[in-house]
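Visitor: I would like a close look at a single part of this protein, set against the chain as a whole. Could you pick a spot and take me through who touches whom there?

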Amino acid sequence: MSDQQPDVDVVVVGAGIAGLYLLYRLREMGMSAVAFETGDDVGGTWYWNRYPGARCDVQSIDYSYSWDAELDETWEWSERYATQPEILRYVNHVADKHDLRRHITFETRVDGAAWNDDTELWTVATDDGQQTTCRYYVMATGCLSSMKDPDIAGTGTFEGDVYFTGRWPHEGVDFTGKRVGVIGTGSSAIQSIPIIASQASELTVFQRTPNFSLPAHNGPVRPADRAAIDADRAAYRQLAKYSSAGVPRELSEESALTVSEERRQERFEEAWEEGTIFSMTGAFMDLLVDRTANEYAAEFVRNKIRSIVDDPTTAEALCPTTYPLGTKRLCLDTNYYATFNEPHVTLVDLFANPISSITPAGIDVVDGDGATSYEFDALVYATGFDAMTGAIVRVDIAGRNGVQLKEKWAEGPKTYLGLMSHDFPNLFMVTGPQSPSVLSNMAVSIEQHVDWICDTLDHLRDHDQRVIEPTQEAEDGWVAHANDFADMTLFPEANSWYMGANVPGKARVVLPYLGGVDRYRRICDAVVDGDYVGFARSGPSGEHVDTGVICRLQPDVMVMLEMMAELDLPPMESMPAPDARAFSEAMGAASPPGPEVGDVIDATLPGADGNDLDYRLYRPATPGPHPITLYFHGGGWVIGNATSDDALCRDLCNNSGSIIISVDYRHGPEAKFPAAHHDAYAALAWVAEHADELGGNGELAVAGWSAGANLAAHVAQRTRDEGGPSLAGQVLLTPVTDCAEQRQSYTDNGEGYVLTKNLMDYFLDNYIDEADRTDPIASPLRASNLAGLAPAMIVTCEFDPLRDEGDAYAAALREAGVDVEHVQAHGQIHTSVPAVGAMVTSATYREQMAAALRGFFGASVAV
Ligand code: N01
């Protein structure tokens, strides 16, 4: 550690909306700072993007700073969606009001930055040949500031006027009487095309992928919106901070799959009329996660396009069909589609007629075996940006031991919270990749990041620390979490700039964090409240490393637990068994129904002591006979019945191609151990004997979940010992295998993951006396001999008290020579795998269970 003092405490790159607020906060904190800005004035994106029609696509009352209450109350936006000149005026006003320009070095580009481990300083190199040392280095470079290379043959040969939407001439362009070609149909093109068309003598639009665009319905700020913010401005801003997209709005709790066609059309019409980018994707809760739900919305918009555009061929070409709605950024327009009804406007569909080359006179496209040449006076490239990472890696950033950020990110960005990256101490990013950024109201996300960064610098100073860096483990955890969230959605299906797919050679990964602004903010706050979970900090006061990893649960599991916490349900173990059963049934009734199957029959079969056992038989729709899987429900031998795992049984039936017979068994405390175990075996014997009548083909397997998996494991042992019935296999989902010992997973996961240690104790106490718990019937792991058992497929879940005993059983079976497939479900809890229709991330384990059954039954199954 050296005591070398830097030139300034903080170097900021960029003087846009983020850079200005950073400079303000840093000055208020008494830290010295300089911002380097390539442009000759403030504004960032609003400085560069001056193309005709440029506006924000989040309502201006929302897309505003909230940190200056006086500004917030006095600034009047003239329209719902302000134009670029008005937004630039606003940004300039802020810079003047707070005298921020004096901290900015304009017309100066940052080319490189290197960390020095000895001095613990960054050296920042600028294109004027200067070097500036700083303790902290903040990239406030914006998500859409690095223009994409148009990557079209012949670019540069055109002899007419050439314009890029992202670098528009300050003096403006008059296209009157000109023949104009526009390449691209993203937001920039969609905003500018109607205005260029109103001037040009001929306009030709070259479209590679059509976009979904909604009418902006721009005009004065709507009275209802104004009333909402005027009623209590501070409360409104607070709502925005804890909303999913940084804009206060009610989230739909309706599924597009379960409402009537009439209701769907009604919601989509409302969304179309609302004119915001969040209205259509938010019309139903499942539009961005379910392909069928999404297709309803997509077709609605396509029908709107067909109703606006006169020429059917042009209309169809304008209809997006190759990706789900909303997985490329939705656009807001004013008269975009109607512009194609103008006689001097032509659409060239590059899928049918790809560009062969830009030429000195215009553009040549392939046309059948020949070519068509278009001649222009002016060409407009609206070809987009190297989004989110482009502006960051364009600077040569060298971290610890010379590690290059560009190389580290070659396979996709790796960050902790989208704020920092391991090996790059004291380097912060504002709205970096893997933060909500572009999927939110940027004004809200920028402020949150600036506040987090500045509060962190304040904290370091207060604690006599100088250096902060995320640990590798924390970063790996966040990258995994961000990817898990993305994988739950439809976003990976589109070749969008969200995926980096618009830039040839760029890694294809989801760049923004999809968990929402509210959740993300709570996570960032929790990291701080936990004393910087996942960060290493050092300085004169010593070194402190927090080895924690956040967000290890799968995202949908996390969401489900959050929702359950909000319900504040009473603990089941506080209830007498009959009440616990009724409570569990009520919860189950609120769960999504499982899929249709070929046939469902409810009947009874004899239990071990002349008692009747209800069962439900699920028959596949495929022609029989079928193999049979006897299934035992979960519920700790206390709750549940033949129909309580209905959705899982349906799913298994369809995907395994076997008949599933879900059989009930007697429960504690009324019927204590070993009643349930004996019933399970009696049921197996009866099913084997009646297989023909039940539609079976003679093959038989057992399956179960939790206590039901314990029964399945038991009967698998007993059939071996009693010489039948013979089993093709056993599928054990989060089984109880040892009632007598609570392993480490009871401590790790004993609270907060639905099945708690207390609940498990309650189940055990209700069913098995202490003295019986070492009996191998109750604890199959304790059997003296595990050899010769039917092949097993065992699923254990990372956040389950029963995890370790399930793992131990898999290991013990394998040791005994049993054929075992053991799947450890990452980020799942005890109850998440059976939750068909509710938990997306556990579908893979359900599929694996079904695949295991198919494997047991070999060639006899058809699905
Ligand atoms: O860029 P884009 P943009 N040959 O990447 C096409 C924000 N924004 O500047 O889709 C032929 O969306 C490309 O085709 P394809 C907003 O977040 C906001 O328009 O790759 N075509 C696409 O059609 C937005 O999403 C506002 O097949 C080529 C177009 O060029 C983001 O900025 C306004 C091509 C690029 O569209 C980017 O929007 C404007 C090629 N070689 C922008 N290369 C607001 O309202 C690319 N294309 C705030």
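Guide: Among contacts (heavy atoms within 4.5 Å) between residues at least 6 apart in sequence, 73% join residues at least 24 apart. Please keep in mind that this is a predicted model, where local features need pLDDT of at least 70 and side-chain atom pairs count only at pLDDT 80 or more, while totals for chains, interfaces and linings use all residues. Residues are numbered from 1 along each chain as its sequence is written, and side-chain values use heavy atoms, with hydrogens and water left out.

Now the setting. The chain has 27 helices and 29 strands; these are DSSP runs numbered from the N terminus, with helices being H or I of at least four residues and strands E of at least two. Its radius of gyration is 31 Å, close to the 29 Å that the globule rule gives for 863 residues, so the chain is as compact as a globular protein of that length. That radius is taken over C-alpha atoms, and the rule is 2.2 Å times the number of residues to the power 0.38. Along its principal axes, the C-alpha trace spans about 95 × 70 × 55 Å. Of the 863 residues, 60% are buried, where buried means under 20% relative accessible area, exposed over 50% and partly exposed in between, using a 1.4 Å probe and protein chains only.

The domain assignment gives domain 1 (8-146 + 386-546), domain 2 (161-381) and domain 3 (572-856); such bounds come from an automatic or database assignment. Between the C-alpha centres of domain 2 and domain 3 there are 51 Å.

For the close look, let us settle on Tyr323. This residue sits in the loop between α11 (312-318) and β11 (331-333), and it is buried, with a relative accessible area of 4%. Leaving aside residues up to four places away in sequence, Tyr323 touches Thr209, Pro210, Asn211, Phe212, Arg291, Lys328 and Ala494. With one of these, Pro210, there is a polar link: its backbone oxygen lies 2.6 Å from a polar atom of the Tyr323 side chain. For reference, a polar contact is a pair of N or O atoms within 3.5 Å; within protein, one must be able to donate a hydrogen and the other to accept it, and residues adjacent in sequence count only if both atoms are side-chain atoms. Ala298 is 25 residues from Tyr323 along the chain, and their C-alpha atoms are separated by 9.3 Å.

What about the nonpolar packing? The largest nonpolar core has 151 residues, and Met280, Leu417 and Leu457 have the most contacts inside it. Such a core is a set of buried Ala, Val, Leu, Ile, Met, Phe, Trp, Tyr and Cys residues joined through side-chain atoms within 4.5 Å. Helix α15 (residues 442-462) supplies the largest share of this core, 9 residues. Apart from it lies another core, of 65 residues, among them Met575, Leu700, Ala783 and Ala810.

For a comparison spot, try Val731 in strand β27 (residues 729-733). Val731 is buried, with a relative accessible area of 1%. Its partners, beyond residues up to four places away in sequence, include Val702, Met793 and Phe856. Another partner is Ala852, which is 121 residues from Val731 in sequence but 7.5 Å away in space, C-alpha to C-alpha.
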